[in-house]
Amino acid sequence: MSIKLYPVICIVIIAFVTMILRFLPFILLGNEKKTPKSINYLGKVLPYAIMGMLVVYCLKGIRITKYPYGIPEVVSCIIVAGIHIWKRNTLLSIMAGTVFYMILIQSVF
């Protein structure tokens, strides 16, 4: 296989799989007017489960016995929670927490 052809084949395969994944719900559910209860339930529950899993994943490597003792992570989590409670904007709170964490890591700790 030519080295120049390999990226093209990869892009075509990725595009095909993405299209299948996007069209699959419409193919499976068809022309139903009402969304099934199980899909509505997953739509309500999964965002919270994913956020919880991301928090656990991000905080799993904290060492409270070594400097900086997890202070930047904890402070950033408090910032995210505070801004989210105040503004009710997920994107804003996550971005602010990330920026604040990077400032703490780069200049303070």
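**Notebook: helices, loops and a pocket**

I began with residues 41–62, where the chain is 86% helix and 0% strand, and where the end C-alpha atoms are 33 Å apart. I note at the outset that I am reading a predicted model. The stretch caught my eye in the UniProt record, an unreviewed entry, which lists residues 6–29, 41–62 and 91–108 under "transmembrane region". I then looked up residues 6–29 as well, and found the chain there to be 100% helix and 0% strand, with end C-alpha atoms 35 Å apart.

Next I checked the length of helix α1, which covers residues 5–29. Its 25 residues should span 36 Å at 1.5 Å a residue, and since its end C-alpha atoms are 37 Å apart, the two values agree. I also looked along the helix for a bend, and found one of about 40° at Phe23, with a proline, Pro25, following within four residues. After α1 comes Gly30, whose phi is positive, near 65°.

I turned to the backbone of the loops, keeping in mind that most residues other than glycine have a negative phi and that most peptide bonds are trans. In the loop between α2 (37–59) and α3 (71–87) I found Pro68, which is joined to Tyr67 by a cis peptide bond with omega of about 5°. Tyr69 is found in the loop between α2 and α3 too, and it has a positive phi of about 65° although it is not a glycine. I asked myself whether Tyr69 is buried or exposed. With a relative accessible area of 46%, Tyr69 counts as partly exposed, because that class lies between under 20% for buried and over 50% for exposed.

In the loop between α3 and α4 (90–108) I looked up Arg88, a residue other than glycine whose phi is positive, near 55°. Arg88 has a relative accessible area of 62%, so I record it as exposed.

Last, I looked for empty space, and found that the largest pocket holds about 750 Å³. Which residues, I wondered, are the closest to the centre of the largest pocket? Of the 21 residues that line it, they are Met51, Val55, Cys77, Val80 and Ile94. The elements that give two or more residues to this lining are α2, α3 and α4. By kind, the residues of the lining divide into 14 nonpolar, six polar and one charged.

Note on methods
Residues numbered from 1 in each chain as written. Predicted model: local features only at pLDDT ≥ 70, side-chain atom pairs only at ≥ 80, totals over all residues. Heavy atoms only, no water. Expected span 1.5 Å × (residues − 1). Bend = angle between axes of the 7 residues up to and from the residue. Buried < 20%, exposed > 50% of the residue type's maximum accessible area, 1.4 Å probe, protein only. UniProt positions renumbered as here; feature names shortened; annotations may be inferred. 1 Å grid on protein atoms, 1.4 Å probe; cavity = no way out; pocket = protein on both sides within 12 Å on 5 of 7 lines; lining within 4 Å. Points joined across faces, edges and corners; volume = space filled by probe spheres on them. Nonpolar A, V, L, I, M, F, W, Y, C, P; charged D, E, K, R; others polar.
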